[in-house]
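Here are some short exercises for you to try with the model open beside you. Have a go at each task before reading its worked solution.

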Amino acid sequence: MVLRAIFLILAAFAFAVQAAGADLSPEAGDDAVAAPAPSVGAARPEPLSHAAMVKAAITSYIIPHIDGLKAAAEQLPTAVENVCKTGTPAAQKDLDERFEKVVVAYAEVDFLRFGPMLEKGRREQISFWPDPRGFVARQLRLLLSSKDEKIAEPGALAKQSAALQGLPALEALMRDKDTPLGPGEAAHYRCIVAGAIAANIVRLTNEVSDGWEKPDGWADKLLHPGPNNDTYKNESEAAVEIVKALIVGLGLTGDLQLKPQIDPKIKLAPPYQKSDLQKAYYAASITALHQLYDTVDLESWLPPDRLWMKDWALGTWRALESSDGFGGKAAHAERDDVPTPREVFDRTNGLRNMVANRLSIAAKLTVGFNELDGD
Amino acid sequence: MSRKSSARGRAAQLLLAVTVAASLGANPVFAGPPATKDIMKNYGDLAEAMYSDALTKAKDLDKSIDAFLAAPSTETLAAARDAWKASRVPYMQTEGFRFGNKVVDDWEGEVNSWPLDEGLIDYVDKDSYGDSKEENPLYTANIIANKKFRLGPKMLDASKIDKKVIAKLNSALDVESNVGTGYHAIEFLLWGQDLHGTGPGAGERPASDYDLKSCTHGNCDRRRDYLKAASGLLVDDLEEMAGDWKPDGKARKALSAGDESVQLATVLTGLGSLSYGELAGERMKLGVLLHDPEEEHDCFSDNTHNSHYYDQVGMMEIWNGKYDGATPVSGPSIAELARAKAPDAAKRVDDAMAVTLEKIKAIKVKADSGEMAYDQMLAAGNDVGNKMILDAVDALVSQARAIEAVVAGLNLKVKIEGSDSLDDPDKVAKAK
């Protein structure tokens, strides 16, 4: 028994070190290397079945957030129109606020990169980011120089590049200090393009919502797996899709939002930085991922000798939520100290590894490939 | 079960299978799943045969470049271009070995890096290419025209262009699109930029760009040195990889170091990751969503349809353990194992691979017919072409899902890679 207890503590310690990115530096925080004693004798809840996991994710997370994105997007065209008609500070402020709501709502579903978001490249069309090779700026410059007003015709923008169709292109027009959106002649064509983009974002978010919620849509597909289902042959495959989204989301947040801050080799501007929304984007990403993590409750599958992982995860979420994602403290921080960017990155990475390599296995799920594979 | 009793069981199964097959007048059928060690030996043999064929074709390319440089003409340039296209056929079939095998993945950047900022290498059309790119200080460095230039704190002496100098260009200044070597650098040197956008036509570099007597675009001597160094380096690199897959080579050794389940998972990781993230995502979907011909894989030569097609052919060969190359290989495969242990999942892969092949073949047939090249298919407003590409993307994603089902059916685990900080903490700077 003594040997077993020592083994468990050593195993817990080894995992915590690995999950925290093997970072034993002081700034990594106490929780990163803590080896909580395994809980003993606590009553265990029944593990959430794969089918229940999927149902909970759809009803409690996916559909409400997809609806939220759709509702936020519907406010954009009028706001763009008002700015272009009046150019008043009030109209500008209104557009800024509505734009922020759409960006935040999008951040909450960015990692649902399957189904209606994957089909026809809708995800890239709504939010073409990251853009390390500057497609948005280059292609927008070409479009603006063409002054082709046919772009305002229904469906015309939908046939153009994804880089021109969504939020980053609209942001570029909104933040151009040389030629701001407004009633003047100089901004006439820009306003035509901005209006077309806003309408296109509404179309895309409607299509995504419809794709999820219509009869025989993606929600039904996930909820009714089986031999005749062309995508999900059993409940486990449907559950894997949800867990994969969680892993992809943690990967996106770690590698695209956090890692560029600590690796000088990576030259990548944060999302929606022109609008100073990078912190709002980070906060929305983390809140959303935490909510989905709790919803699918992979921890309910942990055997008694691994229950310490719950404590580690709790400390990690607390650290991620205490950070503003850029070295500062979040408004609602639960920790007194400010987690360093390195700690935030390592913990995000550790959490991803824990979900991918520990919790999913405990839940008897085989996680395979995703779009982040490859170069 | 002990090894002896297992062998007796296999022998009994074999006898039964042969008896049944003989009674049906068919070829013998080997019942029971193949052993992992036999699958992995055949997998290594496949890799060795495929990389050896890629090496042979790279040597042919090198010889045709010698012939072209000896007497630059439209005809000898066309022969070199044909040799380049032929060299892509066996190489693309090897790409299913890349992901999962670290030895291959670490090496791959030297031979098939893409996309590249070609202005690093030679002259470009500034109207379409531009003068500069914020992310890449070497965007128009043009090493062929410049005998030295700054690489960060150091000056690169390129007074003589050779293999060592061009190898230093790869990922220079930590910019991935700085590519100095490999198939695509050679492709650019043979074709030049494709200035037709999404219209018909590929690059039209004149043979006189290499003619010392009537040189066009200047620096023909240095351009010749570059082309020869690049083709020679490609041969060297493929020699290395073909050697790595010989029975005592480091790729086989690295693979055999893992336990059996890790070895089998490596095979499926290669197929799944190439199908989804790489081919469906990076190489196909992004290009059609951006409608940008620079995003097609073989953008100078308009050979993209063939590259994608042979990627799929290679994945099917690896899955089935069978390759009809210069040295035909056929043996126990992961497909056989899956058919025995997870038949529904195996059938799903078989079906998905057939659908993917059909979709990519449709692209190849359309492009080969001359009706529509790949860069025309991805043009904005080309609904027919866009759909052909997106159909292939969807098929590849389904193929990855099917492979994932085999991973589950065989009770394997695909390793989800951590970020650099976990795999190599030194790669990431300490917190600021």
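**Exercise 1.** Work out whether His217(B) is buried or exposed, or something in between.

*Solution.* Start with the count: 15 other C-beta atoms lie within 10 Å of His217(B). Next, apply the cut-offs: 20 or more such atoms within 10 Å make a residue buried, 12 or fewer make it exposed, and anything in between is partly exposed, with C-beta atoms placed from the backbone. His217(B) is therefore partly exposed. Now look at its backbone: phi of His217(B) is near 65 degrees, a positive value in a residue other than glycine. Finally, find its place, in the loop between α7 and α8 (220-244) of chain B. Helices here are DSSP runs of H or I with at least four residues, strands are E runs of at least two, and both are numbered from the N terminus.

A word on conventions: this is a predicted model, in which local features need pLDDT of at least 70 and side-chain atom pairs count only at pLDDT 80 or more, while totals for chains, interfaces and linings use all residues. Residues are numbered from 1 along each chain as its sequence is written, and chains are lettered from A and ligands numbered from 1 in the order in which they are written.

**Exercise 2.** Repeat the analysis for Ser171(B) and say where it lies.

*Solution.* Phi of Ser171(B) is near 55 degrees, again positive in a non-glycine residue. Ser171(B) sits in the loop between α6 (163-167) and α7 (183-191) of chain B. With 15 other C-beta atoms within 10 Å, Ser171(B) is partly exposed.

**Exercise 3.** Describe how α3 (residues 50-73) and α12 (residues 235-262) of chain A pack.

*Solution.* First take the geometry: the angle is about 40 degrees and the axes are 8 Å apart. Axes are lines fitted to C-alpha atoms, for helices over the stretch in contact, and angles run from 0 to 180 degrees between N-to-C directions. Then classify: α3(A) is therefore oblique to α12(A), since under 35 degrees is roughly parallel, over 145 roughly antiparallel, 65 to 115 roughly perpendicular and the rest oblique. Last, list the contact (C-beta atoms, placed from the backbone, within 7 Å): α3(A) contributes residues including His50(A) and Met53(A), and α12(A) residues including Glu235(A) and Ile242(A).

**Exercise 4.** Find the cis peptide bond that joins Trp114(B) to its partner, and place that partner.

*Solution.* The partner is Pro115(B), and omega is about -10 degrees. Pro115(B) lies in the loop between α4 (102-112) and α5 (126-129) of chain B.

Definitions and conventions
Contact = placed C-beta atoms within 7 Å.
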